[in-house]
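Let's take a walk through this structure together, beginning where two chains meet and ending with some charged side chains. Keep the view open as you read.

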Amino acid sequence: MSQITVTKILDGAKNSVVHVFLRGDGSGDLNGEVIIDPAVDFTPPLPPVPELRIEQLWYDFIGFTGYLFFDDLVTGTPVWSMSAGQANQPDFSCFGGLTDRSDQLDGSGQLKLTTMGLDASSIGTLILLVKKS
Amino acid sequence: MSGLVVSKLMDGSRQAFLHVDIVGDDDGDLVDRIVIDPEKTFDPNGGKVPTLCIDKIMYGLIGFDCRLEFEYDGGDVPVWTLVRGSGAPDFGWCGSLPDRATEMGGSGRLKLTTIGLRSDRFGSIIIAVTKKSHG
């Protein structure tokens, strides 16, 4: 069984909700796992940059931490650092959401997740509300 | 790549939102690193340099704490302490946290110091500020 299961809960014309379930199996951390790829995950597909805005996150990680970033050719465009051990619901809607600030030529638009400390005893859930620009 | 990266999410005439990404390395803590310099960070608005008010902070800090201060020659003025973990302190209820040092000749710069930053630690901060013109 994979350590990560990504499920679309809603895929509307303007909004999408994605559920991410993580359960460690001892194979180690995820490194840049693709959570959302605008080119394949939506109907119709979206062009890469800057099409997605992350409006809200809900997460609760047990035993590990996570880092979300938008893919680009250099180091990735940082999105958010997610701590362990407490339920969190950061709401970015007050400024229109976190956009992909990658250079339009460098960014693929993919939203990626890296974990730290994911082991066989770790479990976590992440829900993302994204707006399509 | 390690260090501190600040990017503007929104820069309006009265409000601005900044994203701060922190990645630790073997050099340890960041000390008095400039996060916002009102003279350089914002787009020019009629040549006036704004004074800052901190409206809200959202953060996720993995394994370290942070301290925010306004720069002042006579001793930096503390703004807020961010404890490791997550939080979203909103200062709107008390009229926001103004830079009280500018009136005394402070530079208006907002500085960040980390406590406990190491190579496997990282964090994100969003700072919402109101700009107040003073001449």
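How many residues of chain A are in contact with chain B, and how many of chain B with chain A? In this predicted model, 21 residues of chain A touch 19 residues of chain B. The two chains bury about 1,500 Å² between them, and 70% of that area is on carbon and sulfur atoms. On the chain A side, the residues that lose the most area to chain B are A:W80, A:S81 and A:F95, which together make up 36% of what that side buries.

What kind of polar pairing goes with this interface? Between chain A and chain B there are zero salt bridges, but seven residue pairs are in polar contact. Two strands of chain A, β5 (65-70) and β6 (77-82), each supply at least two residues of the side that touches chain B. Of the elements of chain A, β6(A) gives the most to that side, with five residues. Sorted by class, the side of chain A facing its partner has 12 nonpolar, seven polar and two charged residues.

Now move along chain A to A:P45, in the loop between β3 (33-36) and β4 (52-62). A:P45 counts as exposed because its relative accessibility is 54%, and the cut-off is over 50%. Leaving out residues up to four places away in sequence, A:P45 touches A:P38 and A:A39. Compare its position with A:G63: the two are 18 residues apart in sequence, and their C-alpha atoms are 35 Å apart in space.

Salt bridges are our last stop, and the whole structure has 14 of them over all chains. Have a look at B:K8 in chain B, which pairs with B:D11 at 3.4 Å, N to O. B:K8 also forms a salt bridge with B:D43, where the closest N and O atoms are 3.5 Å apart. That second pair links distant parts of the chain, with B:D43 in the loop between β3 (33-36) and β4 (50-62) and B:K8 in strand β1 (residues 3-11), 35 residues apart. B:K8 is partly exposed at 35% relative accessible area, as is B:D43 at 48%.

Another pair in chain B is B:R109 with B:E71, whose side chains meet at 2.6 Å, N to O. B:R109 lies in the loop between β8 (97-98) and β9 (110-115) and B:E71 in the loop between β5 (65-70) and β6 (77-82), so this salt bridge ties together parts 38 residues apart in sequence. Is B:E71 buried or exposed? B:E71 counts as buried, at 17% relative accessibility, whereas B:R109 is partly exposed at 27%. Both belong to a network of salt bridges that also links B:D32, B:D37, B:D76 and B:K111.

Technical notes
Residues are numbered from 1 along each chain as its sequence is written. Chains are lettered from A and ligands numbered from 1 in the order in which they are written. This is a predicted model: local features need pLDDT of at least 70, side-chain atom pairs count only at pLDDT 80 or more; totals for chains, interfaces and linings use all residues. Side-chain values use heavy atoms; hydrogens and water are left out. Contact means heavy atoms within 4.5 Å. Buried area is the accessible area (1.4 Å probe) that two parts lose on being put together, summed over both. A salt bridge is a side-chain nitrogen of Lys or Arg within 4 Å of a carboxyl oxygen of Asp or Glu. A polar contact is a pair of N or O atoms within 3.5 Å; within protein, one must be able to donate a hydrogen and the other to accept it, and residues adjacent in sequence count only if both atoms are side-chain atoms. Helices (H or I, at least four residues) and strands (E, at least two) are DSSP runs, numbered from the N terminus. Ala, Val, Leu, Ile, Met, Phe, Trp, Tyr, Cys and Pro count as nonpolar, Asp, Glu, Lys and Arg as charged, and the others, Gly among them, as polar. Buried means under 20% relative accessible area, exposed over 50%, partly exposed in between (1.4 Å probe, protein chains only).
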